[in-house]
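Student: I have a structure open and would like to understand the labels attached to it. Could we go through them one at a time?

Tutor: Happily; let us look at it together.

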Amino acid sequence: MADTDGAHADDAGATGARRHGGRLSDILTSIAGDETRDRVSVADIFQAMGDRAFGALILIFALPNVIPTPPGTSALTGAPLVFLSAQLMLGQSPWLPRIIADRSMTRSDFASIVSRISPWLARGERMLRPRLSFLIYPPAEYVIGLLCLILAIILTLPVPLGNILPAIAICLFSCGILERDGVFILLGTAIFTVAVSVVAGVLYALLKGFILLINAVVV
C-alpha cells in the first residue's frame, strides 16, 4: 500500500517478481479476483505493476478521455496525468500523493469494469511486443514524458471535444512504455502532432472569435 506520503513503485519492500510485473490485463484480472480484499485502490494497481507503473497508471487515467465524457472529467483525470508525465520527463521514480493513491472502489465494482475492458485490452496487448527499444529507454523516455505532459495539460483545458485525440496519443505512448514497443511510440508521436495542431486551431478560432466579439461590443 501507499507509504506515509504516497505510493512508490520502487518501494523498499517490493519483491523481485512484482518489480517485473506482467501484462496489465492479467494483473487487473488477478486483482479483481482477489476475494481477500474489499476495495481496490490506485495504490494496489500501482504496486502490482512495479517498475512499469508509469505506463499502467498513465493508461488508466487516459482511457476515460478517449470517448466523450461529462464536462469536468478530463480536468479530474488530467491532473494525475500531469503529475505522472512530469516525473517521467524528469527521469524520476513514479510516485503519487496519498490523496490520489488512496482513491478506491469496491472490489465488485472494479471486477465489473475489468470484465468489460479486459478482453479488449488483451486483444490490444497481443499487438504489442518489444521492438525499436531505443525509442523507449532514456533519453527518449524523457522526450515521451515531455510529450505526455503537453498532452495532459491540453486535457485539462476546457476545449470542446479537445480531449479525445490527446487521450489517444497518451494511450499509445503508455502502451509502448508497458510493452517496450517503439512502434506504438511512433504512432503516439504521429497522433500527438495531429492533436496539438487540431487543439491549437480550435483555440485560435475561439480566441479570434472572442476578439471579434469584443471589438463588436466596443464599437
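Tutor: Let us begin where α9 ends: the next residue is Arg180, with a positive phi near 55°. Keep in mind that this is a predicted model.

Student: What makes the phi of Arg180 worth pointing out?

Tutor: The value near 55° is positive, and Arg180 is a residue other than glycine. Arg180 sits in the loop between α9 and α10 (182–218).

Student: Why is Arg180 called partly exposed?

Tutor: Its relative accessible area is 22%. Buried means under 20% and exposed means over 50%, so Arg180, at 22%, falls in between and is partly exposed.

Student: Which other residue has a positive phi although it is not a glycine?

Tutor: Leu132 does, at about 50°. Leu132 belongs to the loop between α7 and α8. With a relative accessible area of 36%, Leu132 is partly exposed too, because that value lies between 20% and 50%.

Student: What is the peptide bond from Pro138 to Pro139, cis or trans?

Tutor: It is cis, with omega near 5°. Pro139 is in the loop between α7 and α8.

Student: Back to α9, then. How do you know that the span of α9 agrees with that of a helix?

Tutor: Count 1.5 Å a residue, and the 16 residues of α9 should span 22 Å. The end C-alpha atoms of α9 are 23 Å apart, so the two values agree.

Student: Where else does that check work for 16 residues?

Tutor: In helix α8, residues 140–155, the expected span is 22 Å and the end C-alpha atoms are 23 Å apart, which agrees. Buried residues of α8 include Ala140, Ile144, Leu147, Leu151 and Leu155. In an α-helix there are 3.6 residues a turn, so residues three or four places apart point the same way.

Student: Why is α9 called largely enclosed by the rest of the structure?

Tutor: Because 13 of its 16 residues are buried. Ser174, in helix α9, shows the rule at work: its relative accessible area is 1%, under the 20% cut-off, so Ser174 counts as buried. Leaving out residues up to four places away in sequence, Ser174 touches Gly55, Ile58 and Leu59.

Student: What makes α3 largely enclosed as well?

Tutor: 7 of the 8 residues of α3 are buried, so the same description holds for α3. Those buried residues are Val42, Ala43, Asp44, Ile45, Phe46, Gln47 and Met49.

Student: Glu125 has a charged side chain. Is Glu125 buried or exposed?

Tutor: Glu125 is at 5% relative accessibility, under 20%, so it counts as buried. Glu125 lies in helix α7. Setting aside neighbours within four places in sequence, Glu125 is in contact with Arg23, Leu24 and Ser25. Glu125 and Arg23 are 102 residues apart in sequence, while their C-alpha atoms are 7.6 Å apart in space.

Student: Which residues line the largest cavity?

Tutor: Glu125 is one of them, together with Leu24, Leu59, Leu121, Leu128, Cys175, Leu178 and Glu179. Two or more of the lining residues come from each of α7 and α9. The largest share, 3 residues, is from α9. By class, that lining has 6 nonpolar, no polar and 2 charged residues.

Student: Why is it called a cavity?

Tutor: Because a 1.4 Å probe fits there but cannot get out, whereas a pocket is open. The largest cavity has a volume of about 40 Å³.

Student: What is the volume of the largest pocket?

Tutor: About 1,000 Å³. Its lining has 34 residues, and Ile60, Phe61, Leu63, Pro64 and Ile113 lie nearest its centre. The element that gives the most is α7, with 8 residues. The lining divides into 28 nonpolar, 4 polar and 2 charged residues.

Student: And the chain as a whole: how many helices and strands does the chain have?

Tutor: There are 10 helices and 4 strands. Of the 219 residues, 40% count as buried. Among contacts between residues at least 6 apart in sequence, 76% join residues at least 24 apart. The chain exposes about 11,300 Å², with carbon and sulfur atoms supplying 69% of it.

Methods: Residues are numbered from 1 along each chain as its sequence is written. This is a predicted model: local features need pLDDT of at least 70, side-chain atom pairs count only at pLDDT 80 or more; totals for chains, interfaces and linings use all residues. Side-chain values use heavy atoms; hydrogens and water are left out. Buried means under 20% relative accessible area, exposed over 50%, partly exposed in between (1.4 Å probe, protein chains only). Contact means heavy atoms within 4.5 Å. Accessible areas come from the Shrake-Rupley method with a 1.4 Å probe; for residues, only the protein chains shown count as cover. The expected span of a helix is 1.5 Å times one less than its number of residues. On a 1 Å grid over the protein atoms alone, a cavity is a set of points where a 1.4 Å probe fits but cannot get out, and a pocket is an open set with protein on both sides within 12 Å along at least five of seven lines; lining residues have an atom within 4 Å of a point. Grid points are joined across faces, edges and corners, and a volume is the space filled by probe spheres set on the points.
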